[in-house]
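Me: I should like to go through the reasons behind several labels given to this structure. Please set each value against its definition.

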Amino acid sequence: MAIFGKSYEHYLGYALSGGGAKGFAHLGALKVLEKCGLKPDIIAGTSAGALAGVFYADGYHPDEIVELFRKKEFLEFVEFTIPTTGFFKSTGLHNFLKKNLRATRFEELQIPFCAVATDWNRATTVIFTNGDDLIDAVVASCSIPVIFHPQMIHNTPYVDGGLLKNFPVTVIRRKSKYVIGINVTQTLPPSGKHNIRKVLERTFNLMSNANTIIDKASCDILIETRGMEKYSMFNLQNQQKIMQAGYHSAALAMSRDESWEIVRKCHRHYTLTEKIHRRLHRIRQARKAISRKPENRNTNRNTDKR
């Protein structure tokens with residue numbers, strides 16, 4: 001029960017949006033937040049945000065995450081298939097996650113993590129937070145309709161979470177005192193080129209941006225990456241440039257006075273939490289010492305009787 005104000009399950013949460021290859025901007029932003037000394041208590045990610053978020057929740061540093069993807073091509077993460085419900089299977093992505101993630105269950109991650117996907121049959125947003133469906137849930141969150149086959153989890157088809165919830169701020173809003181949202185998807189201008197890839201990319205871009213309005217307004221700190229219109233969501237060749245763009249955007253957002261006020265509150269919270277942990281540790285040690293004393297006295301009495 002809260003004595004002063006509302007009680008929250010988590011103090012600080014991160015919400016990471018979808019955006020395809022532009023998700024590398026998340027890694028640059030996370031580096032800035034680390035330099036501010038911030039540590040999230042929970043992470044929610046959609047699509048590319050789920051991919052970046054799960055590795056970060058697994059204990060990887062942003063530089064280590066980008067290194068995992070270095071020199072990777074889009075086609076390494078997919079498998080061509082007969083285009084019934086999608087052009088590709090996510091076999092390569094599944095294998096990549098299985099090879100590099102240390103955790104196999106949500107509960108094994110170092111930071112609580114929410115993977116956002118869309119139930120294709122019911123047309124509803126589904127939040128995966130526990131159990132051994134960790135890898136399947138992240139793959140489902142990244143499965144863009146038409147391009148990828150839906151990911152089956154317990155006989156239910158799931159597709160990209162960005163279809164209905166591209167920026168998962170409200171997913172953790174009620175349970176977090178503060179939420180920092182990183183949105184790497186802005187509305188793209190129409191391309192001069194007309195091909196199926198460009199049409200699909202713009203269609204998904206318009207759709208995912210349309211469902212972020214409430215989430216943007218729900219952030220305590222909103223970081224939006226700019227100047228990435230020239231980068232395709234399927235091109236993995238500009239990782240460092242995109243990461244740098246995320247870094248600069250985050251540095252700008254965190255330099256504002258209102259952002260630093262939240263940073264200061266977080267650090268006060270960390271200091272208080274550490275003091276409480278130390279005090280509880282001393283209490284536990286004292287209880288252990290007290291619990292041993294009667295045993296010692298009884299032992300001495302038995303020895304005297306003999």
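Reply: Let us begin with the term that the burial statements need: a residue is buried when its relative accessible area is under 20%. The model is a predicted one.

Me: Why does F96 count as buried?

Reply: The relative accessibility of F96 is 8%. The cut-off is under 20%, so F96 counts as buried.

Me: What makes F69 and F96 a tilted pair?

Reply: Two rings pair if their centres lie within 6.5 Å, and the pair is tilted when the planes are neither under 30 degrees nor over 60 degrees apart. The ring centres of F69 and F96 are 4.8 Å apart and the planes meet at 50°, so the pair is tilted. By this rule the count of aromatic pairs comes to eight.

Me: Which parts of the chain does the pair of F69 and F96 link?

Reply: The pair links distant parts of the chain, with F69 in helix α3 (residues 62–69) and F96 in helix α4 (residues 91–100), 27 residues apart. F69 has a relative accessibility of 7% and therefore counts as buried. Both rings also belong to one aromatic cluster, formed by F24, F55, Y60, F69 and F96.

Me: Why is the pair of F106 and F113 called stacked?

Reply: Planes under 30 degrees apart count as stacked. For F106 and F113 the angle between the planes is 20° and the distance is 6.2 Å centre to centre, so the pair meets the definition of stacked. F106 counts as buried at 4% relative accessibility, and F113 is buried with a relative accessible area of 3%.

Me: How do you know that a charge sits over the ring of Y60?

Reply: The distance must be within 6 Å of the ring centre, and the charge must also be within 35 degrees of the ring normal. The charged end of R102 sits over the ring of Y60 at 4.0 Å from its centre. K39 likewise lies over the face of Y270, at 4.3 Å from the ring centre.

Me: What makes the approach of Q239 to F69 a polar contact?

Reply: The side chain of Q239 reaches the backbone oxygen of F69 at 2.8 Å. The cut-off for a polar contact is 3.5 Å. Q239, in helix α9 (residues 239–254), has its C-alpha atom 8.4 Å from that of F69, although the two are 170 residues apart along the chain. Q239 counts as buried at 7% relative accessibility.

Me: How do you know that helix α2 is mostly covered?

Reply: In helix α2 (residues 48–57), 10 of its 10 residues are buried, including F55 and Y56.

Definitions and conventions:
Residues numbered from 1 in each chain as written. Predicted model: local features only at pLDDT ≥ 70, side-chain atom pairs only at ≥ 80, totals over all residues. Heavy atoms only, no water. Phe/Tyr/Trp six-rings, centres within 6.5 Å; stacked < 30°, edge-to-face > 60°. Helix = DSSP H or I, 4+ residues; strand = E, 2+ residues; numbered from the N terminus. Buried < 20%, exposed > 50% of the residue type's maximum accessible area, 1.4 Å probe, protein only. Polar contact = N/O pair within 3.5 Å; in protein donor to acceptor, adjacent residues only side chain to side chain.
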